[in-house]
Amino acid sequence: MQAVYATQKKKTIVTVLVLTVLIMTLLPLQAAKAADSVPYDTYTYDYWETIIFTPAPYIPGETISGVSLGVGALNDPQGIYVASDDSVYIADTGNNRILVLEQDLKTVRDVIVTFDNNGTTDSFNKPRGVMVTGDGTIYVADTENRRVIALAGGKVVKTIENPQAEILGENFDFVPLKVTVDYAGRVFVIARDMFQGIMTFGEDGEFIGFYGTINVTITLWERFWRALSTQEQRARGRLFIPTVFTGLDVDPAGFVYASNIDGDGKQAVRRLNPKGEDVLRKGSNEHVGGDIALFGSSASAYSGPSNIIDVAYRGNGMYSLLDSRRGRIFTYDYEGNLLYIFGGMGQLAGTFRQPTAIAAQKDRVLALDAVRNELITFEETLYGELINEAVALRYGGDEAQAVEVWQQVLRLNENFELANAGIGKAYLTAGENELAMEYLKKGMDKQNYSIAFKRWRNDILKENIGWILTAALCTITAFTVVRVVLKKRKGSVQDEGGDVFDA
């Protein structure tokens, strides 16, 4: 009886072990399958500007409509903003209203359709941009009413309309599209057909001037071509006018992030300081314009340029760009390095038909679609979470902890050059130059590798300076002795030769 019981016990143990192994094997497969099942490609570019497919950093979350919120269908929504309390403001353009959602995105806090304007009931006309300051004041780009208004407590507290200045000309038509405000109360406005730059207004609503103007340069070849062209050919050619801005956001330090149309696909975003100077860092390949122009079999699906229409500051120096051409979202760190790409056009849930605006709510990314008339959310995966955490740690100066997180990223994607470069930079900061060289080489970070190599070489020299000097001294001494001995022997031979001749 005991033998039978022992045999059954062994079988039970074996069965449990087999099931455990199967479960441990299938779980990663299921996780990989879930990552592969997203309705879009997730990828990045390596040093050679080759597409490298990656695990999904973000996957589609909830899709929210006006019907699901109980306020009627959205109609051509064009603007979105996440306030400091994580409530979400949506410019429901076609319905002439501003929706205010609680942070859970399921509860409607307010629907602003009318408001008090100096004792008179007023309303919006196709509002396209919305922004909320820290004190709760709501700024709206009331587009077809040709004004920017600030609301507080359901009343208009400021109106910007019909700005007057000699630089604007007599027939200037003020049609605001996007608006943001910095900590000093300056109002920044992107206006329709305004090529001179972003319009800035003071706290009193007076026009100050243009901000962040991007002048398009003409190459020597283009100058030569235009010189040989007829007037008709020049009229059909490229217009050399400043670039048009498309989206705005501002970080806590007051730097304005402004997306722009970029026909060359090189730089579709600016980080503007209070003087309006672009201080954006552009990464190792100096490319912050979305998809990179490619050639070959994959060119049709990925070759640039992207059509960047909005920007969202993500915190810790990170920012995301929205591409209306392919429905993709590109995220960069504070140094201008591409972190990840996700999103796409299509019919499936989580894809776009016509993306219009983007915002960030903590670790969640929010985007509007003007054809689906929906708010689409994207939730971070473990892969995306680890990248965001590593970037945040390094941005905050915690290099040692960042190394541990980057190592976890490499377990999920061993081809991620930025993770290797991030580890290498951390080791470089810590003075571990030999380790830094190893990872910086894998990360194709030539600049920092050169720094690490010079420091490693200097360390070797410092550690062995005694031996090096001793060896050098011995070499010099030996050389001197040999030279003296040879000289003496040569003299002796000459003396002996002389004696023989004399004989």
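**Helices α8 and α9 in a predicted model**

Q: At what angle do helix α8 and helix α9 pack?
A: This is a predicted model, where local features need pLDDT of at least 70 and side-chain atom pairs count only at pLDDT 80 or more, while totals for chains use all residues. Residues are numbered from 1 along each chain, and side-chain values use heavy atoms, with hydrogens and water left out. Helix α8 covers residues 417-430 and helix α9 covers residues 433-442 (helices are DSSP runs, H or I, of at least four residues, numbered from the N terminus). Their axes, lines fitted to C-alpha atoms over the stretch in contact, sit 7 Å apart, and the angle between N-to-C directions, on a scale from 0 to 180 degrees, is about 160°.

Q: Is α8 roughly parallel or roughly antiparallel to α9?
A: Under 35 degrees counts as roughly parallel and over 145 as roughly antiparallel. The angle here is about 160°, so α8 and α9 are roughly antiparallel.

Q: How many nonpolar residues does the contact of α8 with α9 have?
A: Contact means heavy atoms within 4.5 Å; among the residues making it are Ile423 and Tyr427 of α8 and Leu435 and Tyr439 of α9. Ala, Val, Leu, Ile, Met, Phe, Trp, Tyr, Cys and Pro count as nonpolar. Alongside three polar and three charged residues, the nonpolar ones number eight.

Q: Which helices help cover the buried residues of α9?
A: Buried means under 20% relative accessible area with a 1.4 Å probe, protein chains only. In α9 that picks out Asn433, Ala436, Met437, Tyr439 and Leu440. Their cover includes α7 (399-412), α8 and α10 (446-463).

Technical notes
Helix = DSSP H or I, 4+ residues; strand = E, 2+ residues; numbered from the N terminus. Parallel < 35°, antiparallel > 145°, perpendicular 65-115°, else oblique. Buried < 20%, exposed > 50% of the residue type's maximum accessible area, 1.4 Å probe, protein only.
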